[in-house]
Every structure is written in C-alpha cells, then in structure tokens.
Amino acid sequence: MADLMNAMENQVIRNQLLELLQQAGPGGASEKVIRMAMKKAGSRAEPERIKEQLFYLEGKRLIRKVECKNQALGIAMDVYLLTPDGIDVLEGTREEPGIGVGDG
C-alpha cells in the first residue's frame, strides 16, 4: 500500500511541476524557484524528491534542462523549461503514463 501511495504522490508532484513550468513561461524556472513555488503551493515534497521528479520528466522529454551561465556575474544555474510534449500532456492531447494530469 505504501508503494501505491508513493507512486500516486509522485504523479501529483510531476503534474504540479509541469503546471508550474507552464506558468513560468518560455523563460522557465530554476530549481530553487521551483522548490520555493512548490512550498508556497502547499507541497511537502523534499528537495531531493523534487529533483528526482524533474529528472523523471526530463527523461520523458516533457521538460528540458538548460544550463545558464554568466561568468562576469559568477552565475551558473540550471533552468527547466516545458517542452511542446509537456504542453500536449497538460492540454490533454497526449497521454503519458506516470503523470497525474487532470486528476485534481
């Protein structure tokens, strides 16, 4: 039963991540911003679990990670962007196992 609950929680987190990146728009969002937004939205997911689900979504090609650097300012961070496939999943024109879109 615990495995089923864990799987369902992961699906909810994945859906929240896709929706968050859709709201972020074409500029995407860094992992730090994603964690802060998830927390503000009431998610109790730990940072490591969020990282795992970002990796999962990236593997499904629903999101893309882009490394952003500015040597002059000493900035280097990964930014996550929603892909066209991710948009299709959110809009319901494509189904993807393991993503709990539209379930509340």
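## A tour from a charged side chain to the core

Begin by selecting tyrosine 56 together with arginine 14, and you will find that arginine 14 lies over the face of tyrosine 56, at 3.6 Å from the ring centre. Keep in mind throughout that the model on your screen is a predicted one. If you go on to look for rings that pair with one another, the count of aromatic pairs in this structure is 0.

**The nonpolar core.** Next, select Leu17, Leu18, Ile34 and Ile63, which are the residues that touch the most other members of the largest nonpolar core, a set of 19 residues. To see where this core comes from, colour H1, helix H2 (31-40), helix H3 (47-59), strand E3 (75-82) and helix H4 (84-91), since each of these elements gives two or more residues to the core. Helix H1 supplies the largest share, with 5 residues. As a general background to this view, nonpolar side chains in soluble globular proteins tend to be buried together.

**The largest pocket.** Now display Glu9, Val12, Ile13, Gln16, Gly42, Ser43, Arg44, Ala45, Glu46 and Arg49, the residues that line the largest pocket. The space inside this pocket amounts to about 200 Å³. Which element gives the most to the lining of the largest pocket? It is helix H1, residues 2-24, with 4 residues. If you colour the lining by character, you will see 3 nonpolar, 3 polar and 4 charged residues.

**Three single residues.** Stay on helix H1 and select glutamate 19, which lies in that helix. Is glutamate 19 buried, exposed or partly exposed? Its relative accessible area is 34%, and glutamate 19 is therefore partly exposed. A distance drawn from its C-alpha atom to that of glutamate 58, 39 residues away along the chain, should read 14 Å.

Move then to helix H4 and select valine 89, which lies there. Valine 89 counts as buried because its relative accessibility is 4%, where the limit for that label is under 20%. Between the C-alpha atoms of valine 89 and lysine 32, which are 57 residues apart along the chain, the separation is 24 Å.

Finish with arginine 61, whose place is in the loop between H3 and strand E2 (63-70). The backbone here deserves a look, as arginine 61 has a positive phi of about 65 degrees although it is not a glycine. With a relative accessible area of 63%, arginine 61 is exposed.

Methods: Residues numbered from 1 in each chain as written. Predicted model: local features only at pLDDT ≥ 70, side-chain atom pairs only at ≥ 80, totals over all residues. Heavy atoms only, no water. 1 Å grid on protein atoms, 1.4 Å probe; cavity = no way out; pocket = protein on both sides within 12 Å on 5 of 7 lines; lining within 4 Å. Points joined across faces, edges and corners; volume = space filled by probe spheres on them. Nonpolar A, V, L, I, M, F, W, Y, C, P; charged D, E, K, R; others polar. Phe/Tyr/Trp six-rings, centres within 6.5 Å; stacked < 30°, edge-to-face > 60°. Lys NZ or Arg CZ within 6 Å of the ring centre and 35° of its normal. Core = buried A, V, L, I, M, F, W, Y, C linked by side-chain atoms within 4.5 Å. Buried < 20%, exposed > 50% of the residue type's maximum accessible area, 1.4 Å probe, protein only.
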